[in-house]
Amino acid sequence: LDTEDTRRFREIFSMEELKNWYQKLLDEYHKWLSYQKKWKEERNHSLQSLEFPFSYREGQRKMVSSVYHAIGASRQIFIQAPTGVGKTMSTIFPAVRAVGEGKGETIFYLTAKTITRTVAQEAFEVLREKGMKYKVVTITAKEKLCFMDETKCDPVHCPYARGHFDRVNDAVYELWTTKSRYDRETIREQAEKWQVCPFEMCLDLSLWVDAVICDYNYVFDPTVHLKRFFGDGAGGDYIFLIDEAHNLAERGREMYSASICREDAVRIRKAMKDRSLGKLDKQLKELQVDCGNYLVLPGTGSITMTILKVQGEFDAFLEAHKDVELEDEVRKFYFDIRNFLNIAELIDENYVVYAENGEDGLFRLKLFCVNPAVNLGEYLKKGRSAVFFSATLLPMNYYRKLLSNRQDDYGIYVESPFSQKNRCILNAGDVSSLYSRRGYEEYHKIAEYIAKTVWQRKGNYMVFFPSYKMLEEVYAVYEEEFSVNWVKCICQNSSMKEQEREEFLREFEQDQESLVAFCIMGGIFSEGIDLLGEKLIGAILVGTGLPQLGNEREILRSFYTENGENGFDYAYRYPGMNKVLQAAGRVIRTREDHGVILLLDERFRQREYSNLFPVEWNDRKTCTLSNVEAQLQKFWESIPDKISHKL
């Protein structure tokens, strides 16, 4: 290309050779189409008589019917359904029935966390046991599937990439025609057998299956979405089942935002000796002078053009050094500028462009997607129907505005199937987590509430705090003044690895008298975990979960205030209360569960907060330090004491 020389290659084939070559190609493809046609006939026949696998719980029939009709009408539906309704099965069952009747083709079950992917796999497995024929693949992150110590998708470094395309079609066809469940272990086993890349094989397989279980990213992220399904011009009769949909709002903001860091540009400039990076540094420096804490800008100005030139220089640099091992920071910066340019093309009235001097001492220019609904909608309209469901989708209008820009969406509220007698909800009116009140006096009250709650009934409890600092402060007071030898305490920390998380949860399986786990609200243990029956009998929620003050939170507040909404609600109160309700939802998971939920903040009594509670929380009571023990004692006395846990 650089010399513009032209080279020609000539080969001569007979008509017979061409005919044989073409026939072989058709024969190879025919076996795929033939099996696909046969499989779909078998699949649809198995779905005709498929019945819901359980006795319907209260509210479950309503949910199944609503999902089925939404898919049939090619519409989107929002469902607020509490824990225990059986949301996973109540969405998957009507979706597969709709597919069997030609009202959809591929189901995408989308999740934010690994554990919910496992629940979806199990739901499909239950239906298979009832006679359903369905092929389901779970897409796992490349790093978790990779056989190599370091993920480098290069034939030079990876034997599984070497010759991958020579073997992958046979590997996929064999797996596709011999099995129906394709989880992580199955994918790795087949990839090892055929010596191919497990991640790429998994993506190839996804084209031929009936359902795909995956993270939100594989559908919505502009960088990593599945080009096979959602690239330019792509689309199909897809059904999107979006689990824990409350998470998609923040995830959407992250996926459609981008930033460029001045300090990175300076560092990479030294490595590349790039003049365009010098100009970029100068432009960012000029912004930094006037910035202060943060500065909202009318747009990116000429910086986008400069970054475009940087990318051109970068491409030339990479071509000249293609045999050189790039440092991670160089590679990362290249992806940063590419992402920045891609996101810059999406900027509209749903974006705020701002510069900031971050708390980490770095200066950034950021393209902040305040409302991701339009961008999410571009991917959703590539399919037929979308079902957004969660145990905490309140207020529904808030989530509808952040997740969808369609006007014909509708929503339903499914009430809890569990008896209110099974749990006790108390709101402490004499304690606060306000910053202005934080100190020994309030920490002592919180610690005393924890102690009095735990002392009423032996068992396992979780206490959720708004920050690690407050957790540590209260824990110190509790240990110093209220610890007893029959109560074990464990604490979540900010740097827990996967093994440490598993060990933390295993503590709830141990045969001990009582356990108190100090956790973070909105953290890894506040949603998506199931501790059934006696594994957890109480949750104590300290504070209203409001996000910490920060530049982006204030930008959100200003944006929504200027657009006629309550900016504080959108930036702080709604996200905070979502964390509260998620944490509270750890307690009652089945019809047999019993437990207490203690709300430690006087603000919960204010109408702005109490209006965000589920309808079934209408029996909550107020308590104080002087009467909390009596109220808890009365509740526990009403519960059959099968295992003599009462003190």
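Reader: Does T544 count as buried or exposed?
Author: This is a predicted model, so the value is computed from predicted coordinates. T544 has a relative accessibility of 2%. The cut-off for buried is under 20%. Therefore T544 counts as buried.

Reader: In which loop is T544 placed?
Author: Look at the two elements on either side. One is strand β17. The other is helix α21, residues 551–562. T544 has its place in the loop between β17 and α21.

Reader: Which residues are in contact with T544, leaving aside its neighbours within four places in sequence?
Author: Start with S433 and G576, which both touch T544. D601, R603, F604 and Y609 are in contact with T544 too. The list also includes M577 and V580.

Reader: What is the strand order in the open sheet of 7 strands?
Author: The pairing in this sheet is parallel. Its edge strands are β15 (487–491) and β19 (621–623), and each pairs on one side only. Neighbouring strands are turned by 20 degrees against each other on average, direction ignored. The order is β15-β16-β14-β17-β18-β13-β19.

Reader: Which residue in β18 is the bridge partner of I540?
Author: Strand β17 covers residues 538–542, and β18 covers residues 595–600. The two run parallel and are joined by 5 bridges. In β18, the partner of I540 is L598.

Reader: At about what angle does helix α22 run to β17?
Author: Helix α22 spans residues 567–584. It lies across β14, β17 and β18. Its angle to β17 is about 165 degrees.

Reader: And helix α19: at about what angle does it run to β16?
Author: Helix α19 is made of residues 468–481. It lies across β14 (460–465), β15, β16 (514–520) and β17. Its angle to β16 is about 155 degrees.

Reader: What separates the C-alpha atoms of I107 and D210?
Author: I107 is found in strand β2, residues 107–111. It is buried, with a relative accessible area of 0%. D210 is among its contacts, and so are Y134 and L241. Along the chain I107 and D210 are 103 residues apart, yet their C-alpha atoms are separated by 6.5 Å.

Reader: Over which residues is the pLDDT below 50?
Author: The protein averages a pLDDT of 93, and 98% of the residues score at least 70. One stretch has 14 contacts in the model beyond near neighbours in sequence, but its pLDDT is below 50. Where pLDDT is low, the predicted coordinates should not be read in detail. That stretch is residues 642–647.

Note on methods: Residues numbered from 1 in each chain as written. Predicted model: local features only at pLDDT ≥ 70, side-chain atom pairs only at ≥ 80, totals over all residues. Heavy atoms only, no water. Pairing = 2+ DSSP bridges. Helix = DSSP H or I, 4+ residues; strand = E, 2+ residues; numbered from the N terminus. Axes fitted to C-alpha atoms, helices over the stretch in contact; angles between N-to-C directions. Contact = heavy atoms within 4.5 Å. Buried < 20%, exposed > 50% of the residue type's maximum accessible area, 1.4 Å probe, protein only. pLDDT = per-residue confidence, 0-100.
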